[in-house]
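These are my notebook entries on a single protein chain. I record what I looked up, in the order in which I looked.

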Amino acid sequence: MWKQIIFYLEVLVFLATPVVLFMIYPHFFAARYIFTVAGAIYCVARLVYHRSKFQDLGLLTLNFWPALRDLILPSFLMLISTFLIFKFLPSVFLSLILGHDPLPIDSLVERLLVYFFISTPLQELIFRGYLTWRLEQVFSSTHSIQTISIIIFTLAHIPFFSPLILLLTFIMGYVYIRNYLRYRNLYALILSHSVVGSGIIMLYFLQSYI
């Protein structure tokens, strides 16, 4: 019982609180690094305390190709579905579901490089590697681990205020946690996430030309 209480407090402090504050005070997003650093220090402390190894976070080459093969079809379908939404959904409805970008970057190349080499690896390390490791300390049910993982990953993207992003994140969260629990390989997820996310970013940038 205490393990679950502590876990929920962690989610409240490091996820729910920053998201709610940003929704109420948009300028608060500039202070996100404070929560990021505090959360990173806390996570590293827990990992060190439990003497965790790289394989506990999925940082190993084992099962890379089987995991990647399992991700090819859903990744492709995700990109095609998103393209079709941008292509055929009437602009009046499209504008309602796109939301906005809290981290505007004028250069598409710069945005893609940051996303591919920094954002995606960090997201997968946090939401699949560390979070799964943490959930397995608290819950014995695979269903509970999957459900909570999907919910947390989805809620973390609320600051985009985009129903489309939330839907895509929910689907990706479901596909990725199932893949991770089966293969325990973070590198395949990083590659898939980078490709899918970069494709979606490009669609956002090029929406007026589609």
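**Entry 1. Salt bridges of E10**

How far apart are the closest N and O atoms in the salt bridge that E10 forms with R134? I found them 3.0 Å apart. I note at the outset that the model is predicted.

I then placed the two partners: E10 lies in helix α1 and R134 in helix α5, 124 residues apart, so the pair links distant parts of the chain. Both E10 and R134 are buried.

I looked for a further partner of E10 and found R46, with the closest N and O atoms of this salt bridge 3.6 Å apart. This pair too joins distant parts of the chain, since R46 sits in helix α2 (residues 32–49), 36 residues from E10 in helix α1.

I checked the exposure of this pair against the cut-off for buried, which is under 20% relative accessible area. E10 has 11% and therefore counts as buried. R46, at 18% relative accessibility, also counts as buried.

**Entry 2. The E124 pair**

I searched the whole structure and obtained four salt bridges. One of them joins E124 to R128, with the closest N and O atoms 2.7 Å apart. Why are E124 and R128 separated by about one helical turn? The reason is that they are four residues apart in helix α5. Both residues are buried. I also recorded that salt bridges with shared partners join E10, R46 and R134 into one network.

I returned to E124 for its surroundings. Its relative accessible area is 0%, so E124 is buried. Setting aside residues up to four places away in sequence, I listed what E124 touches: G129, Y176, L186, L189, I190 and H193.

**Entry 3. The nonpolar core**

How many residues does the largest nonpolar core have? I counted 36, and those with the most contacts inside this core are F7, F86, L135, F139, I152 and Y204. I then asked which helices contribute. At least two residues each come from α1, α3 (64–88), α4 (91–98), α5 (108–138), α6 (142–155), α7 (163–183) and α8 (186–205). Helix α8 gives the most, with eight residues.

I took Y204 as an example from the core. Apart from neighbours within four places in sequence, Y204 is in contact with F86, I97, L98, S162, L164 and I165.

I also looked up T82, which is found in helix α3. Is T82 buried or exposed? T82 counts as buried, because its relative accessibility is 0%. With neighbours within four places in sequence left aside, the contacts of T82 are L168, I200 and L203.

**Entry 4. A nonpolar surface patch**

I next turned to the surface. Which residues form a nonpolar patch there? They are M1, W2, I5, L9, L12, V13 and F14, with about 740 Å² of accessible area together.

I followed W2 within this patch. W2 lies in helix α1, which spans residues 2–24. Exposed means over 50% relative accessible area. W2 has 67% and is therefore exposed.

I note that helix α1 appears in several of my entries: E10 lies in α1, α1 supplies at least two residues of the core, and W2 of the patch lies in α1 as well.

**Entry 5. The chain as a whole**

I ended with the overall description. The protein chain has eight helices and zero strands, and along the sequence its pattern reads α-α-α-α-α-α-α-α. Its radius of gyration is 17 Å, close to the 17 Å that the globule rule gives for 210 residues, so the chain is as compact as a globular protein of that length. Along the principal axes, the C-alpha atoms fill a box of roughly 50 × 45 × 30 Å.

What percentage of the 210 residues counts as buried? I recorded 38%. The chain exposes about 12300 Å², of which carbon and sulfur atoms supply 74%.

Finally, I looked up the range of the contacts. Among contacts between residues at least 6 apart in sequence, 79% join residues at least 24 apart. The salt bridge of E10 with R134, two residues 124 apart in sequence, is one link between distant parts of the chain.

Methods. Residues numbered from 1 in each chain as written. Predicted model: local features only at pLDDT ≥ 70, side-chain atom pairs only at ≥ 80, totals over all residues. Heavy atoms only, no water. Patch = residues over 30% accessible without salt bridge, like charges linked within 9 Å, V, L, I, M, F, W, Y side chains within 5 Å. Areas by Shrake-Rupley, 256 points an atom, 1.4 Å probe, with all protein chains shown as cover. Salt bridge = Lys/Arg side-chain N within 4 Å of Asp/Glu carboxyl O. Buried < 20%, exposed > 50% of the residue type's maximum accessible area, 1.4 Å probe, protein only. Core = buried A, V, L, I, M, F, W, Y, C linked by side-chain atoms within 4.5 Å. Contact = heavy atoms within 4.5 Å. Rg over C-alpha atoms; globule rule 2.2 N^0.38 Å.
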